[in-house]
Amino acid sequence: MASEVSDPEQPKLSFFERILKKDGRSSSQDDMDGAREPLVTVVDDRRAEDYSRCAAILPFLFPALGGLLYGYDIGATSGASVSLESAELSGTTWYNLSSIELGVVVSGSVYGALIGSIVAFNVADFLGRRRELIVSSTLYAIGALITALAPDFAILVIGRLVYGVGIGLTMHAAPMYIAETSPVQIRGLLISLKECFIVLGMLLGYTIGSLEVDLVGGWRYMYATSIPLSIIMFIGMLWLPASPRWLLLCAMQNRDNTEEFKNRAVCALCKIRGQPIDMVASEHVSEMLVELSFMEEQKPASFREVFQGKCLKALIIGCGVVFFQQVTGQPSVLYYAATILQTAGFTAASESTRVSILLGFLKLIATGVAVLVVDKVGRRPLLITGVTGIIVSLFMLAGYYLLLKDIPFVAVIALLLYVSCYQLSFGPIGWLLISEIFPLRLRGRGLSIAVLVNFGANALVTFAFSPLRELLGAGILFAGFGVIAILALIFIIIYVPETKGLTLEEIEAKIL
């Protein structure tokens, strides 16, 4: 049932009054390339939606817990790998793992996320965003339980894979659910804030790992800690309604039940906004439904269409951004973090977990800055500024390993600059763009491909790093990442549009 809470700071004009207040519409506004201008547009090209700030938190919070659990796995695995291969602390008879076996444990969740992305391509539109998140929270809990209780190496890997499938589904569905339920005024803030939750999860994982790494069987406790959070996410997603836009898509594609889906969309929208069910909400949903009918959303999406027309353009933009997000060397730079700080004389960096916590706080601060300014400054300026800083930092690292090994201060500055610029740009903005850019009818499948590219590129960089380092040396390798970052900057300048202040329907009508 919708909440009766209202926000006193929101304008008191009704939906009809806001529409009537808009006058003097030009013919170019009524007709753009033969298409009808979105009815959800209002004065100053921004839709000032009425919503309760308290009510807007929950549709963000529970999906964002999925991101926190993803980050927690990264952080906890760092400590768990140390505990797992210790003869004294593992608490197992099979602690003597080879480097390949340990690599499988560490990257098992990445493999699972790749599987989850493929599964999402086929079932996302059938399940819907909410039910997909319910499934992912269940897989999180089951995967963590199997991992924590694993009696041997094979069961441990199975648990890691199951947890990873949950990651793949979550990182596919959470950005969509948040984007489709957020008021346009704070959509960028909320989706970017999900990246903060990933970083918070990493910090939590590093902290729990440092506290439990000295316990016998500590790795079991590290993985088991995620189970209560998975249960909270599960309960929260059961309580939340389905995405109103997904319900409207169902209404368009199920003509026999159009009114039923429309009424459910009205109830869902009111619950999410914290507003009573009234004619304003019904009229808002009707306008969105009419808008979707002009974009031919009533046709079921085919596999071929994902690679045609609007979705092809969105795929180029979204997959390009998340591909460059990974291949500009983020895993490799962090791999060298402990070494760089130790050579600079930071005694606290003698333990990798403490180094990770230090960098985690820096990542959190930089992400917080991006979250605060993304809806004011825009997506493109943050990407261009951040990637420019990444280029400078990568060539500084290359210079350190090739020419300036006697000046470790250069490497420290480069490391801190890289981490800050990455979290200001690729970190939050990559996930934000792929959640906004795809047309509604193809959003589920398109975003699943983007997530697949993200995790695939991550796995590629992770596994190619060691042999390339041995073959080329760290200096040449970082210079190569710098060249790739230059290509990323050119790609962003040419292809990535600005979506600040536009509704999802406007993005589809005006940009794609």
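The legends below accompany close-up views of a predicted model.

**View 1. The nonpolar cores of the predicted model.**
The largest nonpolar core has 102 residues, and those with the most contacts inside it are Phe426, Phe438 and Phe478. A second core, separate from this one, has 17 residues, and among them are Leu269, Ala281, Met288 and Leu289.

**View 2. Cysteines and the question of disulfides.**
The structure holds zero disulfides, and Cys311 is accordingly in no such pair, with the nearest cysteine sulfur, that of Cys319, lying 8.9 Å away. Because a disulfide is counted here when two cysteine sulfur atoms are within 2.5 Å, the separation of 8.9 Å between the sulfurs of Cys311 and Cys319 does not qualify. Cys311 is buried, its relative accessible area being 1%. Cys250 also counts as buried, at 12% relative accessibility, since the term applies to residues under 20%.

**View 3. A nonpolar patch on the surface.**
Twelve residues are shown here by name, namely Phe303, Phe307, Leu312, Ile316, Phe395, Val483, Ile486, Leu487, Ile490, Ile493, Ile494 and Tyr495, which make a nonpolar surface patch of about 1100 Å². Helix H12, which spans 309-327, and helix H20, which spans 474-495, each supply at least two residues of the patch, and the largest share, seven residues, comes from H20. Ile486, one of the patch residues, is found in helix H20 and is partly exposed, with a relative accessible area of 35%.

**View 4. An edge-to-face pair between two helices.**
The count of aromatic pairs in the model comes to twelve, and this view is centred on Phe60 and Phe197. A pair of aromatic rings is described by the distance of the centres and the angle of the planes. For Phe60 and Phe197 the ring centres are 5.3 Å apart and the planes stand at 90°, so the pair is edge-to-face. Phe60 lies in helix H3, residues 53-84, whereas Phe197 lies in helix H6, residues 187-212, so the pair ties together parts that are 137 residues apart in sequence. Both rings belong to buried residues, with a relative accessible area of 5% for Phe60 and of 14% for Phe197.

**View 5. A stacked pair within one helix.**
The rings of Tyr418 and Tyr422 have their centres 6.3 Å apart and their planes at 10°, so this pair is stacked. Tyr418 and Tyr422 are four residues apart in helix H17, residues 408-424, and are thus separated by about one helical turn. Tyr418 counts as buried at 1% relative accessibility, and Tyr422 likewise counts as buried, at 4%.

**View 6. A cluster of four aromatic residues.**
Phe323, Phe324, Phe491 and Tyr495 form one aromatic cluster. Tyr495 also appears in the view of the nonpolar surface patch, where it is listed among the residues that make that patch.

**View 7. Leu359 and Val419, brought together from separate parts of the chain.**
Leu359 has its place in helix H15, which covers residues 352-377, and this residue is buried, with a relative accessible area of 5%. Although Leu359 and Val419 are 60 residues apart along the chain, their C-alpha atoms are separated by 7.7 Å.

Technical notes
Residues are numbered from 1 along each chain as its sequence is written. This is a predicted model: local features need pLDDT of at least 70, side-chain atom pairs count only at pLDDT 80 or more; totals for chains, interfaces and linings use all residues. Side-chain values use heavy atoms; hydrogens and water are left out. A nonpolar core is a set of buried Ala, Val, Leu, Ile, Met, Phe, Trp, Tyr and Cys residues joined through side-chain atoms within 4.5 Å. Buried means under 20% relative accessible area, exposed over 50%, partly exposed in between (1.4 Å probe, protein chains only). Patches are made of residues with over 30% relative accessible area and no salt bridge: like charges are joined within 9 Å, nonpolar side chains (Val, Leu, Ile, Met, Phe, Trp, Tyr) within 5 Å. Accessible areas come from the Shrake-Rupley method with a 1.4 Å probe; for residues, only the protein chains shown count as cover. A salt bridge is a side-chain nitrogen of Lys or Arg within 4 Å of a carboxyl oxygen of Asp or Glu. Rings of Phe, Tyr and Trp (its six-membered ring) pair if their centres lie within 6.5 Å; planes under 30 degrees apart count as stacked, over 60 as edge-to-face and the rest as tilted.
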